[in-house]
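Subject: A structure for you to look at

Hi,

Here's the structure I promised to pass on. Have a look at it first, then read my notes below.

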Amino acid sequence: MPTYQYACTVCGHEFEAFQAFSEDSLTTCPQCKGEIRKVYSAVGVVFKGSGFYKTDSAKSPSLPAAPAAPAAPTPAPKSE
Ligand SMILES: [Zn+2]
């Protein structure tokens, strides 16, 4: 089962979640119910012994570009 790392955009809480591919992505922080985003790390899946404890890297500015907009499940309808 894949492990996804999430980071809360509100309180900064970081956590990992084990989810099946068929499961929906988490969208809320378990602590503050704020918006969370998936953290894609180059070392998110480690097959070697070293480099496992890299969760702190999520705080580094070298994160993959994440959209600032909330990850809404559906786009807002155009009101015209
Ligand atoms: Zn939070």
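Before the details, one bit of vocabulary: two strands are said to pair if DSSP finds at least two bridges between them. With that in hand, Thr3 has Phe18 in S2 as its bridge partner. Do keep in mind that this is a predicted model.

Now the overview. The protein chain has three strands and zero helices, so if you follow the sequence along, the pattern reads β-β-β. The chain has 80 residues, of which 4% count as buried. Looking at contacts between residues at least 6 apart in sequence, 41% join residues at least 24 apart.

How are the strands arranged? They make an open sheet in the order S2-S1-S3, and the pairing is antiparallel. Strand S2 (14-18) and strand S3 (36-39) sit at the edges with a single partner strand each, so one side of each has no neighbour in the sheet. From one strand to the next, the twist averages 35°.

Let's take the two pairings in turn. Strand S1 covers residues 3-8 and pairs with S2 in the antiparallel sense, over five bridges. Besides the Thr3 and Phe18 bridge, you can find Gln5, whose bridge partner in S2 is Glu16. S1 also pairs with S3, again antiparallel, this time over four bridges. To see that pairing on screen, look for Tyr6, which stands opposite Lys38 in S3. One general point while you are looking at strands: when a strand is regular, its side chains alternate between the two faces of the sheet.

The residue I'd pick out is Gly12. Where is Gly12 found? It lies in the loop between S1 and S2. Those two strands form a hairpin with five residues between them, and there Gly12 takes a positive phi near 80°.

Is Gly12 buried, exposed or partly exposed? It has 13 C-beta neighbours inside 10 Å, so it counts as partly exposed. The cut-offs help here: 12 or fewer would make a residue exposed, and 20 or more would make it buried.

One last thing to try with Gly12: find Ile36 as well. These two residues are 24 apart along the chain, and their C-alpha atoms are separated by 8.7 Å.

Have fun with it, and write back if anything is unclear.

Cheers

Methods: Residues are numbered from 1 along each chain as its sequence is written. This is a predicted model: local features need pLDDT of at least 70, side-chain atom pairs count only at pLDDT 80 or more; totals for chains, interfaces and linings use all residues. Axes are lines fitted to C-alpha atoms, for helices over the stretch in contact, and angles run from 0 to 180 degrees between N-to-C directions. Two residues are in contact if their C-beta atoms, placed from the backbone, lie within 7 Å.
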